[in-house]
Every structure is written in structure tokens, then in C-alpha cells.
Amino acid sequence: MTQRCDFRIVGLLACGLLVWLVVPTARAADDPAKPAQKEPAKPEATDPFAVPEGSTQELLDFIDKAMAVRPQVRDLAGYIEFNKKRAKAVLAAAEEIMAAKPNDEQAEKVALAKVNVLRALAQFQDADAAKQLEALVEELVKSGRTRLAREVQGTVLAAKLQQVRDAKSEEFRKLADEVGKHLAAAPLEKGDVNLMAALTRAAEYGGNPALAGDLYAEFAKRLAESKDELLAGVAKRFEGAGRRMKLPGNPMQIEGTTLDNQRFDWSKYQGKVVLVDFWATWCGPCVAEMPNVKKAYAAYHDRGFEVVGISLDRSLKSLENYVKREEIPWVILLDKPELLKELAAKQDSGKEKDPAKDPPVAAERFSPTVYYGVSAIPTTILVDKDGKVISLSARGGQLGSQLEKLLGPAETPKAEPPKAEPPAKEEP
């Protein structure tokens with residue numbers, strides 16, 4: 001599956017796990033003539049997932065601490081293994097608590113803990129976790145916790161959707177029907193957004209953008225009608241995503257402020273083939289794709305190929321450093337209010353500002369990311385010379401193939417003449 005960084009409002013895993021590892025460095029003794037003094041042995045770290053023997057409250061405290069432990073890993077495999085260890089410990093403690101016949105409040109906490117650890121594993125297509133979640137639904141219904149049972153059932157459906165690869169298959173149609181019935185059975189809650197996102201994403205990345213567009217529009221309408229401010233706010237993202245699904249064959253709209261604090265003029269790109277790249281320096285897949293984009297730019301820029309980067313960075317300094325270090329030659333727009341405010345603060349407060357060149361940071365500014373419902377990056381949209389979108393995912397080899405169709409084959413770089421070997425340096 002194509003990798004993307006997902007930054008939806010609701011979700012469990014952000015792209016790129018960042019962990020600070022403290023590595024001790026060796027230090028020579030102050031007096032080299034004397035042997036180095038041995039430092040006192042440090043006590044061995046206790047296993048945070050070792051289930052203690054104790055009362056129900058002590059076991060509940062253990063679960064709270066286990067859930068608060070941060071993973072000390074750098075890769076996805078390590079993250080999954082960490083979640084498996086935590087889940088095993090929390091589930092074991094939960095069984096002991098339930099065997100002691102806890103009160104309703106304690107039982108509710110146990111149920112929530114089980115949901116959280118199993119949900120984390122189900123996100124990574126753990127079949128056993130998905131089965132345990134289904135069993136948990138029945139258990140919650142029998143105990144009268146129907147609201148939590150419904151939330152868990154939504155998680156189960158979302159996990160199944162993650163395994164769908166063909167959004168035009170019978171399997172997907174049946175799952176979509178189940179999701180529709182589930183969402184219609186009760187008033188929308190925050191957890192339902194996860195399920196909506198899973199269904200629309202499965203349709204979008206499963207090769208059925210037309211259906212994805214219809215689903216995004218339908219869910220946007222339902223969310224907008226909600227009295228919950230968070231759900232109503234998410235509606236704009238879904239509405240935008242539906243708009244993005246309808247882009248192929250149509251023009252797109254871009255406005256914004258550039259990294260050098262100029263108002264972006266989309267009209268200057270008329271008659272050009274343009275790659276609109278939603279990205280960020282913190283996004284691993286975005287950075288990994290950058291050499292491919294730079295290669296395409298070098299090969300086709302002289303023939304009318306342009307790139308417009310739309311940055312979702314969180315740090316202006318990080319973005320500026322990356323653009324300078326990597327010598328990015330194309331325009332970069334800022335699409336985060338905090339970055340725009342930081343950029344505005346860098347301006348000379350004493351000079352008279354020109355509204356045409358120094359656009360104000362407006363609260364109701366146009367955001368391409370929101371307008372097109374971009375929730376995973378890189379999102380790369382290719383626009384032809386007529387100003388119409390021809391691809392919603394022009395990445396990797398797809399970018400080169402599309403550019404070859406539009407602008408012809410890339411020129412093979414001429415072989416450079418062999419460089420003369422430097423003369424041998426004589427010993428003194």
C-alpha cells in the first residue's frame with residue numbers, strides 16, 4: 001500500500017514515530033595514571049507490563065500506568081510489538097479484575113481499557129485482536145453497556161475496511177451496507193467519524209473515487225447537521241474531500257501566501273503542466289518522494305512543467321532550513337495559520353506594508369488543504385496545460401509516466417567526458 005502521513009482529527013498513529021534515545025558516552029578518568037573508578041551499578045529497570053498481584057484498585061492503577069507508557073521504538077514493527085506487549089498485560093489485568101466482581105464504575109474502566117488496547121492492534125490488521133473485539137461487543141451488550149458496545153462495533157467495521165483492496169468488490173459493498181446500517185442506528189457520536197473516515201478512505205484508495213466522492217458528500221451533510229461543534233467542524237473536511245474526488249476533468253482553485261510572504265497568483269501557471277504537492281518536512285513519505293519530484297522538475301521544467309508545494313509544516317524554521325538545504329526551486333505555500341502568523345511577525349514592523357505583497361493573516365482565509373479535504377500526505381494532484389486535473393495521485397513512476405504523455409519523453413542526459421585524474425602528490 002502506498003504510504004502516506006495521516007493527520008485526521010481522530011486516529012491512533014501519526015506518521016513517523018519520534019523517540020529520543022539517551023546514549024551514555026564514555027569518559028576518561030581525570031588522572032590517566034589511576035584506574036577509572038567504577039560507577040555504582042544502576043538498578044535494573046522494572047518491566048512496565050509486569051502484572052502485579054494486588055487488589056482491584058491496584059490492578060486498575062497498573063492499567064492506567066501501562067496505558068501511559070510511551071513506546072521507545074523507531075520503526076513500525078517495533079511499535080506493533082510494543083502494543084502487543086501492552087495489550088497482553090492489560091487484558092491479563094482486566095481478567096483478574098473482572099473475576100473479582102468489580103462495581104459498575106470499575107467494570108466500565110476495564111471495558112474501556114480492553115477496547116483501547118485491542119483497537120490499537122486492530123488498526124494494524126491484527127486478526128486476533130479483531131476477533132477479540134467482536135467477542136467484546138457481545139460481552140458489553142450482555143452487561144448492558146450498549147453505547148460502548150456500539151462504539152466497539154464501529155471499530156470492528158473500521159478494521160475490516162482497512163483490509164479491503166478493491167472498492168468495487170462484493171466484499172466492499174457488503175461492508176459498506178453494514179456501515180450504513182450501523183451509522184443510521186443511533187445519533188452520531190465522535191467515534192463514528194473514525195468509521196466514516198475508514199469507509200471513505202477504503203473507497204478512495206480502493207479505486208472507486210466516484211463512490212468516495214458521494215460518500216464524502218453524504219457524510220459531510222450528516223455531520224453538518226450535528227449539534228456537536230467538533231462533528232460539525234469535521235464536516236468541512238469531508239465536504240472538501242468530496243470536492244477533491246470530483247476534480248478529475250475539472251479545474252482546481254489555489255490561493256495562499258508563499259514562503260517569502262507574497263500573495264500566490266495561480267493565473268501565472270496557465271498553459272503549464274503543474275504538480276500541486278501537499279506535503280510537510282515531518283512526513284517521511286513526503287521527504288522520500290522529494291528526489292522523484294526534483295528529478296521530474298529538472299527533466300521537464302524547460303518544457304513547461306511547474307510544481308506548487310503546499311506545506312503543512314508546524315515549524316517555519318524547519319521548513320525554511322529544508323527548502324534551503326535541499327535547494328527546492330519551486331514555490332511553497334504555507335497552509336497553517338500559526339506559520340502565517342510567525343511569518344508575519346518576521347516582517348519589519350516599521351515599514352509601510354503593501355496589501356498586494358503583504359497579505360494579512362485573515363481568520364477566514366482560503367485553505368487549499370481544507371477546501372479539498374486533504375487528510376493524508378503526500379497528496380499529489382497533476383494539472384494539465386488546459387488547467388484541468390488529470391490525476392489525484394501523481395507519485396513515483398506515475399508522475400514520470402504522466403509527464404511523458406503530456407510533454408514527451410524525458411531527454412537522456414549526455415554522458416560527461418571523463419575527468420582527468422589529479423596528479424600524484426609527491427612525498428616531501
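# Exercises on a predicted model

Ring pairs join Tyr216, Phe219 and Phe238 into a cluster. The model used throughout these exercises is predicted.

## Exercise 1. The sheet

Task: establish in which order the strands of the open sheet lie, and which strands form its edges.

Solution.

Step 1. The open sheet consists of six strands, ordered S2-S5-S4-S3-S7-S8, with mixed pairing. Strand S2 (257-258) and strand S8 (389-391) are the edge strands, as each pairs on one side only.

Step 2. Take the pairs from the S2 edge inward. S2 pairs with S5 in the antiparallel sense, over two bridges. Within this pair, Thr257 stands opposite Leu334 of S5.

Step 3. S4 and S5 run parallel and are joined by four bridges. Here Gly309 has Ile332 in S5 as its bridge partner.

Step 4. Strand S3 (residues 273-279) and strand S4 (residues 305-311) are also parallel, with seven bridges between them. Val273 stands opposite Phe305 in S4.

Step 5. Add the helices. Helix H10 (residues 284-300) packs on the sheet and touches S3 and S4, its direction making about 155° with that of S4. Helix H14 (residues 397-407) packs on the sheet as well, where it touches S3, S4, strand S7 (379-383) and S8; the angle between its direction and that of S3 is about 160°.

## Exercise 2. The nonpolar cores

Task: find which residues have the most contacts inside the largest nonpolar core, and which elements give two or more residues to this core.

Solution.

Step 1. The largest nonpolar core has 50 residues, and the most contacts inside it belong to Met252, Trp266, Val276, Phe305 and Leu399.

Step 2. Two or more residues come from each of S3, H10, S4, helix H11 (316-325), strand S5 (331-334), helix H12 (337-345), S7 and H14.

Step 3. Follow Met252. Apart from neighbours within four places in sequence, Met252 is in contact with Leu247, Trp266, Val276, Tyr372, Ile381, Val383, Gly387 and Val389.

Step 4. A second, separate core has 32 residues, among them Leu60, Ala66, Ala111 and Val117.

Step 5. As background, nonpolar side chains in soluble globular proteins tend to be buried together.

## Exercise 3. A loop residue

Task: decide whether Leu247 is buried or exposed, and list its contacts beyond four places in sequence.

Solution.

Step 1. Leu247 is located in the loop between helix H9 (229-245) and S2.

Step 2. The relative accessible area of Leu247 is 3%, so this residue is buried.

Step 3. With neighbours within four places in sequence set aside, the contacts of Leu247 are Met252, Tyr372, Ile381, Val389 and Leu392.

Step 4. Leu247 is 143 residues from Ile390 in sequence, while their C-alpha atoms are 8.2 Å apart in space.

## Exercise 4. Rings and charges

Task: classify the ring pairs Phe264 with Trp266 and Phe366 with Tyr371, then state which charged residue sits over Tyr371.

Solution.

Step 1. The whole structure contains 10 aromatic pairs. For Phe264 and Trp266, the ring centres are 6.1 Å apart and the planes meet at 35°, so the pair is tilted. Both Phe264 and Trp266 are buried.

Step 2. The pair of Phe366 and Tyr371 is tilted too, with 5.0 Å from centre to centre and 50° between the planes.

Step 3. Check accessibility against the cut-off for buried, which is under 20%. Phe366 has a relative accessibility of 19% and therefore counts as buried. Tyr371, at 26%, therefore counts as partly exposed.

Step 4. The charged end of Arg243 sits over the ring of Tyr371, at 3.9 Å from the ring centre. Elsewhere, Arg314 lies over the face of Trp282, 4.0 Å from the centre of the ring.

## Exercise 5. Backbone details

Task: locate the cis peptide bond between Ile377 and Pro378, and describe the setting of Lys101 and of Glu327.

Solution.

Step 1. The bond from Ile377 to Pro378 is cis, and its omega is near 5°. Pro378 belongs to the loop between strand S6 (376-377) and S7.

Step 2. Lys101, a residue other than glycine, has a positive phi, near 55°. Lys101 is in the loop between helix H2 (76-99) and helix H3 (104-122). Its relative accessibility is 74%, so Lys101 counts as exposed.

Step 3. Glu327, also not a glycine, has a positive phi near 55°. Glu327 is in the loop between H11 and S5. With a relative accessible area of 65%, Glu327 is exposed.

Methods
Residues are numbered from 1 along each chain as its sequence is written. This is a predicted model: local features need pLDDT of at least 70, side-chain atom pairs count only at pLDDT 80 or more; totals for chains, interfaces and linings use all residues. Side-chain values use heavy atoms; hydrogens and water are left out. Two strands pair if DSSP finds at least two bridges between them. Contact means heavy atoms within 4.5 Å. Axes are lines fitted to C-alpha atoms, for helices over the stretch in contact, and angles run from 0 to 180 degrees between N-to-C directions. A nonpolar core is a set of buried Ala, Val, Leu, Ile, Met, Phe, Trp, Tyr and Cys residues joined through side-chain atoms within 4.5 Å. Buried means under 20% relative accessible area, exposed over 50%, partly exposed in between (1.4 Å probe, protein chains only). Rings of Phe, Tyr and Trp (its six-membered ring) pair if their centres lie within 6.5 Å; planes under 30 degrees apart count as stacked, over 60 as edge-to-face and the rest as tilted. A charge sits over a ring if NZ of Lys or CZ of Arg is within 6 Å of the ring centre and within 35 degrees of the ring normal.
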